[in-house]
Amino acid sequence: KSIDKLTKNVQLITSKDKKTTLKSIIDENNGKVIYIDFWASWCAPCRQAFPSYAALNKEYTKDNILFLFISGDKDSLKWKIAEEKEQLTNSYLATNFADTGFNKELKLNSFPRYLIFDKKGKLSVPNAPGPDSDNIRSFLNELLVE
């Protein structure tokens, strides 16, 4: 199976208990580059990287980029508290994260982990740099012109 087909198995929920899948989000954002941050509330490096998104959001505000935050927390209350404290938008909890073929195929065994999907919804960069790296912009810019 292609990794893109495995996204339908990733079950997500918002802090308001709205259910969806990673595939649905990718499909709804067709034409946008999607930068995914897999994180957890207990992950200090994950949380330290969040302020870097403010600069990226400001810089790419007119571009078709969706910054998506998916938590692998097992405790939904800890995720909700962290999500609120960090003021995350486009934030979801993966309710079946550990059990998905998506997770196993990509070997998503540690946090943070960053992925970039192109405008057509295909996984383009399975090990993307973090939002605070020097070269994240070159990846995003390249995918925006495709």
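**A pocket and some salt bridges**

The largest pocket in this structure has a volume of about 150 Å³. The structure is a predicted model, and the pocket is a convenient place to start reading it. Rolling a probe the size of a water molecule over the atoms shows where empty space is left.

Which residues line the largest pocket? From the earlier part of the chain come Phe-50, Tyr-53, Ala-54 and Asn-57. The lining also includes Ile-65, Leu-66, Phe-67 and Phe-69, and it is completed by Gln-87, Leu-88, Thr-89 and Asn-90. Two elements, helix H3 (52-59) and strand E4 (65-71), each supply at least two residues of this lining. Strand E4 gives the most, with 4 residues. In chemical character, the lining of the largest pocket divides into 8 nonpolar residues, 4 polar ones and no charged ones.

Charged residues appear in the next topic, the salt bridges. Side chains of opposite charge can pair when their charged atoms come close. How many salt bridges does a search of the whole structure find? The search finds 4, and three of them are described here.

One salt bridge joins the side chains of Asp-27 and Lys-23, with a distance of 3.0 Å from N to O. Both residues lie in helix H1 (residues 22-28), where they are 4 residues apart, about one turn of the helix. Asp-27 has 46% relative accessibility, so it counts as partly exposed. Lys-23 has 32% and therefore also counts as partly exposed.

Another salt bridge is formed by Glu-86 with Arg-47, and their closest N and O atoms are 2.7 Å apart. Glu-86 belongs to helix H4 (residues 76-86) and Arg-47 to helix H2 (residues 44-49), so this pair ties together parts that are 39 residues apart in sequence. Is Glu-86 buried or partly exposed? With a relative accessible area of 23%, Glu-86 is partly exposed; the cut-off for buried is under 20%.

A further salt bridge is formed by Arg-137 with Glu-59, where the closest N and O atoms are 2.7 Å apart. This pair links distant parts of the chain, since Arg-137 is in helix H6 (residues 136-145) and Glu-59 is in helix H3, 78 residues apart. Arg-137 has a relative accessibility of 25% and counts as partly exposed. Glu-59, at 42%, counts as partly exposed too. Helix H3 has now come up twice: it supplies at least two residues to the lining of the largest pocket, and it holds Glu-59 of this salt bridge.

How values were computed:
Residues are numbered from 1 along each chain as its sequence is written. This is a predicted model: local features need pLDDT of at least 70, side-chain atom pairs count only at pLDDT 80 or more; totals for chains, interfaces and linings use all residues. Side-chain values use heavy atoms; hydrogens and water are left out. On a 1 Å grid over the protein atoms alone, a cavity is a set of points where a 1.4 Å probe fits but cannot get out, and a pocket is an open set with protein on both sides within 12 Å along at least five of seven lines; lining residues have an atom within 4 Å of a point. Grid points are joined across faces, edges and corners, and a volume is the space filled by probe spheres set on the points. Ala, Val, Leu, Ile, Met, Phe, Trp, Tyr, Cys and Pro count as nonpolar, Asp, Glu, Lys and Arg as charged, and the others, Gly among them, as polar. Buried means under 20% relative accessible area, exposed over 50%, partly exposed in between (1.4 Å probe, protein chains only).
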